[in-house]
Amino acid sequence: MSDGAVALVTNGGYGVGREIVRLLDAAGWRVAVGARPGEFDNGRLKPPAEAATIHHGLISSATDCNRVINEVVDQHGRVDAVVCNTLRAGLSFETPLERIGATEWDRHMAGYLSGPFYLVRAALQSMLAQGQGRIVLVVPVEGGRGSVGQASMGVSSTGLVTLARRMAREVAGRGVTVNTVVAGIVDEGFSLDDMPSDLAAQVTSSVPAGRLGQRSEVADLVRYLCAPEAGYITGQVIAVDGGFGT
């Protein structure tokens with residue numbers, strides 16, 4: 001499936017997403033990158049050199065998700081894998097539960113729960129017609145750890161895990177696998193050097209492995225789950241987090 005196959009990677013312009021793009025390209029995939037409207041316009045962030053095509057849209061929009069999948073199929077002839085990367089750049093400091101407003105809650109769920117559903121639903125039609133496909137959801141470890149101020153991310157991440165498991169059962173007999181990768185704290189997107197020394201030490205010491213992860217450690221698992229060799233792996237939730245989520 002990998003040599004000449006087509007993958008769509010969302011949030012592929014930075015951090016773990018960019019590394020996923022690089023590794024899939026190195027494995028012989030044609031990689032389409034999903035990005036927010038105007039994401040590369042200001043010059044601070046450049047599209048990955050490995051990207052075959054760039055597709056702009058809001059993942060919170062079902063219309064945009066359908067359009068992006070149609071663009072990928074129109075331009076490449078097929079879509080064999082979708083990597084829906086929900087990781088954000090940097091450490092995530094959110095609002096305590098009692099202070100989350102309805103608008104903030106709805107906006108988060110639209111982007112981090114409903115949006116990934118819209119995208120994979122749109123891609124499934126093409127994959128089922130082909131008789132094969134790979135779907136990988138990448139979610140942050142902070143969401144499921146019960147951290148203060150992480151209620152929104154915890155709910156959306158847990159919802160995606162459940163969605164992936166249910167979807168995996170529905171489509172396993174039709175050649176499509178669906179898995180979730182839980183990404184730990186990686187050293188891309190923020191610098192410990194920019195933090196107060198006590199906070200930097202606290203971040204590192206909170207990981208049982210005693211270090212932050214490398215983005216390649218997460219990306220390489222995603223690459224494998226997209227490969228033909230992973231055809232018997234589906235419905236799984238695999239953490240790459242140095243024990244942080246345990």
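# Contacts, burial and packing: how the terms apply

Guide: Not counting residues up to four places away in sequence, L8 touches A32, V33, G34, V68, I69, V72, A81, V82, V83 and L119. The model is predicted, so local features need pLDDT of at least 70 and side-chain atom pairs count only at pLDDT 80 or more, while totals for chains, interfaces and linings use all residues. Residues are numbered from 1 along each chain as its sequence is written, and side-chain values use heavy atoms, with hydrogens and water left out.

Visitor: What makes one of these residues a contact of L8?

Guide: Contact means heavy atoms within 4.5 Å. Each residue in the list for L8 therefore meets that cut-off.

Visitor: Why is L8 called buried?

Guide: Its relative accessible area is 1%. Buried means under 20%, exposed over 50%, and partly exposed in between, with a 1.4 Å probe and protein chains only. The value of 1% is under 20%, so L8 is buried. L8 belongs to strand β1. Its C-alpha atom is separated by 9.5 Å from that of A123, which is 115 residues away along the chain.

Visitor: How do you know what counts as a strand or a helix?

Guide: Both are DSSP runs numbered from the N terminus: helices are H or I with at least four residues, strands are E with at least two. The protein chain comes to six helices and seven strands, in the pattern β-α-β-β-α-β-α-β-α-β-α-α-β.

Visitor: What makes a set of residues a nonpolar core?

Guide: The members must be buried Ala, Val, Leu, Ile, Met, Phe, Trp, Tyr or Cys residues, joined through side-chain atoms within 4.5 Å. The largest such core has 33 residues, and L8, V82, I135 and V178 have the most contacts inside it. Elements giving two or more residues to this core include β1 (6–10), β4 (81–85) and β5 (133–140). The most comes from α3, with six residues. V82 is in contact with L8, I69, L119, A123, M127, R134, I135 and V136, leaving aside its neighbours within four places in sequence. A second, separate core of 26 residues includes V83, V218, L225 and C226. In soluble globular proteins, nonpolar side chains tend to be buried together.

Visitor: Why is the crossing of α2 and α3 called right-handed?

Guide: A crossing is right-handed if the near helix is turned clockwise from the far one by less than a right angle, and left-handed if anticlockwise. The crossing of α2 and α3 is right-handed, so the turn is clockwise. Helix α2 (residues 62–76) and helix α3 (residues 102–130) pack at about 35°, with their axes 9 Å apart. Axes are lines fitted to C-alpha atoms, for helices over the stretch in contact, and angles run from 0 to 180 degrees between N-to-C directions.

Visitor: Which residues of α2 and α3 meet?

Guide: From α2 come A62, C65, N66, I69 and V73, and from α3 come G115, Y118, L119, R121, A122, A123 and S126. By class, that contact has eight nonpolar, three polar and one charged residues. Ala, Val, Leu, Ile, Met, Phe, Trp, Tyr, Cys and Pro count as nonpolar, Asp, Glu, Lys and Arg as charged, and the others, Gly among them, as polar.

Visitor: Why is the pair of F117 and Y118 called tilted?

Guide: Rings of Phe, Tyr and Trp (its six-membered ring) pair if their centres lie within 6.5 Å; planes under 30 degrees apart are stacked, over 60 edge-to-face, and the rest tilted. Here the centres are 6.1 Å apart and the planes are at 55°, so the rings pair and the pair is tilted. The structure holds one aromatic pair.

Visitor: Are F117 and Y118 buried or exposed?

Guide: Neither; F117 has a relative accessible area of 31% and is partly exposed. Y118, at 21%, also counts as partly exposed.

Visitor: What makes G213 buried?

Guide: Its relative accessibility is 16%, which falls under the limit for buried. G213 sits in the loop between α5 (197–205) and α6 (215–226). Leaving aside neighbours within four places in sequence, G213 is in contact with I185, V186 and D187.

Visitor: Why does Q75 count as partly exposed?

Guide: Its relative accessibility is 49%, and exposed would need a value over the upper limit, so Q75 is partly exposed. Q75 lies in helix α2 and, outside its neighbours within four places in sequence, is in contact with T53 and H55.
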